[in-house]
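Biologist: Please choose a single part of this structure and take me through it slowly, since I am still learning how to read such pictures. I would like to hear how that part lies among its neighbours.

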Amino acid sequence: MVLKESDTELEAGDPAPDFELEGADGETHALDEFADNEALLVVFTCNHCPYAKAKFDLLNELADEYDDVAVVGINPNDAEEYPDDSLEKMREYVEDGTIRYDAYLRDESQAVARAYGAVCTPDPFLFAWSDADEEFQLVYQGRLDDALNPDDEPTRFQIREAIDAVVADESVDIEWKPSQGCSIKWTDD
């Protein structure tokens, strides 16, 4: 397991890169279907990484708690080398309730992960909807919370602070510290 820290090329205010991906629910999901939400939390994640698994409950809670925030998990890992990250396993996690996000999507080509500049799992990107520009714009990219190891108990939830600011129509004033987790398992590595 290689531990990575995110270092995205997206900057505050950048639009969310478009996507259209197959979901664990058997449907295809695209960025524009979430446009009726105030915010969109895109998290590059997977089934097998202990860092990603440690955040399943938090992401499920966020999806449950915030009516105007869509939580979308995207799994870009090489499923040939890591069978636990296959679409079939993703479906099992959704069906048994382990994952209850608004959508859990498979980035088979890894093009979406590359467009976002994702490097680890979990790697979260929070976007706020801009009525003026009619697009989601990046307001926060960084840690979900301050628990850097899977067994640590978090004392601060940066992602909640960021979401609360967006929902309150305030600017997100949180330092972007790199998220930390397993490296994305690229097919060409």
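Modeller: Two strands are said to pair if DSSP finds at least two bridges between them, and that idea will help us with the part I have chosen, strand β4. Please keep in mind throughout that this is a predicted model.

Strand β4, which runs over residues 39-44, is mostly covered, for six of its six residues are buried. If you follow the side chains along the strand, you will find that A39, L41 and V43 point one way, while L40, V42 and F44 point the other way, and that all of these are buried.

Now look at the strands beside it. With β5, which covers residues 69-75, strand β4 pairs in the parallel sense over six bridges, and in β5 the bridge partner of A39 is V69. With β8, residues 123-130, strand β4 pairs in the antiparallel sense, again over six bridges, and here V43 stands opposite P124 of β8.

Strand β4 also has a part in covering a helix. In helix α2, residues 56-65, the buried residues are F56, L58, L59, N60, L62 and A63. What covers these buried residues of α2 includes β4 and β5, together with the helices α1 (50-53), α3 (87-95) and α5 (158-167).

Helix α5, in turn, contains Q158, which counts as buried because its relative accessibility is 6%, under the 20% cut-off. Leaving aside residues up to four places away in sequence, Q158 touches Y140, R143, L144, D145, D146 and I174.

Note on methods
Residues numbered from 1 in each chain as written. Predicted model: local features only at pLDDT ≥ 70, side-chain atom pairs only at ≥ 80, totals over all residues. Heavy atoms only, no water. Buried < 20%, exposed > 50% of the residue type's maximum accessible area, 1.4 Å probe, protein only. Helix = DSSP H or I, 4+ residues; strand = E, 2+ residues; numbered from the N terminus. Contact = heavy atoms within 4.5 Å.
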